[in-house]
Amino acid sequence: KLRVEDGELAIRLNRNCIEPEISPVFAICQGVNTEFFATNAAATTYNWNIIGTGSLISQTGNAAVVNITGGTSVTIEAEFTQAGSTCTSTASQTFVVTTTQTPDPVIQVNGGTPPSTLCVDDHVILSTSASFGTYLWTMPDGSDSTSSTINLGTLAPSDAGTYSLIVTNPGNCSSEKVDIDLNVTSPPTSIEIFNNGFDTFCSDGSNDPQLEVSNITGVSYQWLRNGIATGATGPTFTATESGDYSVRATVATCPATTDIYTITEVTAPSASISGPPETCVNFETRFISTSILESGFTTLNSWTVEDASNNTIGTSSSDTLDFTFPAPGTYAVILSSSYDPAEVASCMDAVTQLVTVSDLPMLTFNVGDVTEKCQLDTLPVSLTSPNASTISNYNWIIKNALTGRGIDTLTDASVNVVTPTGVDSVYAVVTMTSTIGCQVNDSVLVKNLPTDVDIAAIKFDISGDSVTLEDDNFIDLSAVNVVSDVAWSPSSIITDTTSSNISVFPSQPFTTVTLKGTDSNGCLVASTVVIELDNIRPRRTFSPNNDGLGFDCWEILNTSSLPDCKVFVFDSRGKNILVKNSPFENNCVWDGTSSGASVPEGVYYFVLKCNDVALSKSGSILLAR
């Protein structure tokens, strides 16, 4: 009781004695520490006592812990003594003792001994090793459950902590509380692979990729290629093969695998050159890159030419090198083959080919640079140097000296030069290719010896190489400037084939007469003339009126024995009024009639058509009466 008087606080104790009670316990399990509580009163001391088989384990204030070890019942007494009072009282209560064995639960994880470490995403179920009457689970967050198992599912970091369990047996005896601490470890998920080199690298080992992950304390590493462990366990790794690389990073026993990092190995180039080991000065020589590189990439070829003092005298960037060496000596042709650095860095190979360079060979011929010959002769031309054993092939061209046009092309070691008809001089040009691939050319001029051999005609003018006979049936010819060995042909129409002066009796419309002999240079020469017979001549006019003043019949002279010819006569309107076949008696072809009747005077037209087209003619006829 509290009372305030004159600003002072006074306390007066209750003078009435307390009637103590012991909190009820429904059952006491034999051999188990059981806690009892008496009525709690201020300024009160308690004295606890056991009547039965057992012992007082501890007493603190109004609480006492006892352990009953025998019997079927026990009496618990609590004596109360209040300070400043004569009140002393005792509370006593008898309890039944249960002899059923006290439960002793063991917590299992996934049906077995709890692991020292659990990982995020592990699937966990908490259970006990035996069955009990009741279960009381207490979670790390303070929540509870009476289920026989706790299914945590896939672990998250928030599932870590202490899990407690109290169970009872069928006799309602409670176990002591048992705990299990779950440690949930999160594997490193933010680790990624970095490449300190190139993703596309050369197989020669010059730029192998340097792969790396962050070096984190407590984390172990395993490098994988195409999902298979490589044996490398550090934070860095030098890759030497193409593949999909990843890292399994483990904290405690909890692993995580990085994303894949793909790198590609490219076959190193194998440089090689196709080109002659020997060549000549001032001759363009070709070298070709035959390097082997992997397809699918841009390839580069770089050429360098060095002299004997290692001075660079030429460079090029292409698949081929066409180079002209300036002087004799030994040169180095260097080829570097690589990939485009933007695609594959530092991946190249080089090769050097030594080339011996000589002076171009001098060409000499078996004849002089200018050689004369008889027109009808053949002149053999060949090279006397260089030696044939050093020559790979020849290419001769015979050219008209006046027009420059090629007449003939030959590939023999020598050539027989002739001058075609009408050509007085030719060049024999040779291109020689040596066994080391050098080419050089030269030529000789072959001229015909001058000659004025000719055929002359008596009483006739020879125009060019032909002459026309109209009314005559023979012609006298003579050889001009033929010194000896005169020979005319054809012999059947010539009076004396070996005489300088002859008579020719042609029987055909066109006859070629040939003269051969030796001139003043001792050359066999020849000349020809074509004789044309023009004595088949149509009359231009006639007057078919039998008055004796003109020709009564239109004639074509010299056709009495002309075979295989036909004459067509047409009037001014193109009407065919006559067709007549040869031979024509007394050269008379047309009497001026058509179908038995006389035609009027005027201009008419004729066509003489023969199998020998040289005899065919056409023209006009004036008919007068």
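## Strands, aromatic pairs and two single residues in a predicted model

Strand 53 and strand 58 run antiparallel and are joined by 6 bridges. The structure described here is a predicted model. One pair of residues in this ladder is Val-569 and Phe-606, the latter being the bridge partner in strand 58.

Strand 53 also has a partner in strand 54, which covers residues 576-581. These two strands are antiparallel as well, with 5 bridges between them. Phe-570 has Asn-576 of strand 54 as its bridge partner. Strand 53 and strand 54 make up a hairpin in which 5 residues separate the two strands. In the turn of this hairpin, Gly-574 has a positive phi of about 90°.

Which residues of strand 53 lie on its covered face? They are Cys-565, Val-567 and Val-569. The uncovered face carries Lys-566, Phe-568 and Phe-570. In a regular strand, side chains alternate between the two faces of the sheet.

### The chain as a whole

The chain has 59 strands and 0 helices. Its radius of gyration is 69 Å, whereas a compact globule of 625 residues would have a value near 25 Å. The C-alpha trace spans about 210 × 85 × 60 Å along its principal axes.

Of the 625 residues, 37% count as buried. The accessible surface comes to about 33900 Å², and carbon and sulfur atoms account for 47% of that area. Among contacts with a separation of 6 or more, 55% are between residues 24 or more positions apart.

### An open sheet

Strands 36, 38 and 41 form an open sheet of 3 strands, in the order 36-38-41, with antiparallel pairing. Strand 36 (364-365) and strand 41 (414-417) are the edge strands, and each of them pairs on one side only. Strands of a sheet pair through backbone hydrogen bonds, in either a parallel or an antiparallel sense.

Strand 38, residues 379-385, pairs with strand 41 over 4 bridges. Within this pairing, Ser-382 stands opposite Ser-414 of strand 41.

### Aromatic pairs

The whole structure contains 14 aromatic pairs. Two of them share Trp-590 and are set out below.

| Pair | Centre to centre | Angle between planes | Arrangement |
|---|---|---|---|
| Phe-542 and Trp-590 | 5.5 Å | 55° | tilted |
| Trp-590 and Tyr-604 | 5.4 Å | 70° | edge-to-face |

The pair of Phe-542 and Trp-590 links distant parts of the chain, as the two residues are 48 residues apart. Phe-542 is in strand 51 (residues 541-542), and Trp-590 is in strand 55 (residues 588-590). The pair of Trp-590 and Tyr-604 also links distant parts of the chain, with the two positions 14 residues apart. Tyr-604 belongs to strand 58, residues 602-610, and strand 58 is the strand that pairs with strand 53.

Are these residues buried or exposed? Phe-542 counts as buried because its relative accessibility is 3%, and the cut-off for buried is under 20%. Trp-590 is buried too, because its relative accessibility is 1%. Tyr-604 is likewise buried.

Elsewhere in the chain, Phe-287, Phe-323, Phe-325 and Tyr-331 form one aromatic cluster.

### Two residues compared

Thr-185 and Asp-204 can be described in the same terms: place in the chain, accessibility and contacts.

Thr-185 is part of strand 18, residues 184-185. Its relative accessible area is 17%, so Thr-185 is buried. Leaving aside residues up to four places away in sequence, Thr-185 touches Thr-117, Leu-118, Cys-119, Val-120, Val-251 and Cys-254.

Asp-204 is found in a loop, between strand 20 (200-202) and strand 21 (210-212). Why does Asp-204 count as partly exposed? Its relative accessibility is 42%, and partly exposed residues are those between the cut-offs of 20% and 50%.

With residues up to four places away in sequence left out, Asp-204 touches Ala-268 and Met-348. The C-alpha atoms of Asp-204 and Val-266 are separated by 9.0 Å, although the two residues are 62 residues apart along the chain. The side chain of Asp-204 also makes a polar contact of 2.7 Å with the side chain of Ser-206.

Terms used
Residues numbered from 1 in each chain as written. Predicted model: local features only at pLDDT ≥ 70, side-chain atom pairs only at ≥ 80, totals over all residues. Heavy atoms only, no water. Pairing = 2+ DSSP bridges. Buried < 20%, exposed > 50% of the residue type's maximum accessible area, 1.4 Å probe, protein only. Contact = heavy atoms within 4.5 Å. Polar contact = N/O pair within 3.5 Å; in protein donor to acceptor, adjacent residues only side chain to side chain. Rg over C-alpha atoms; globule rule 2.2 N^0.38 Å. Areas by Shrake-Rupley, 256 points an atom, 1.4 Å probe, with all protein chains shown as cover. Phe/Tyr/Trp six-rings, centres within 6.5 Å; stacked < 30°, edge-to-face > 60°.
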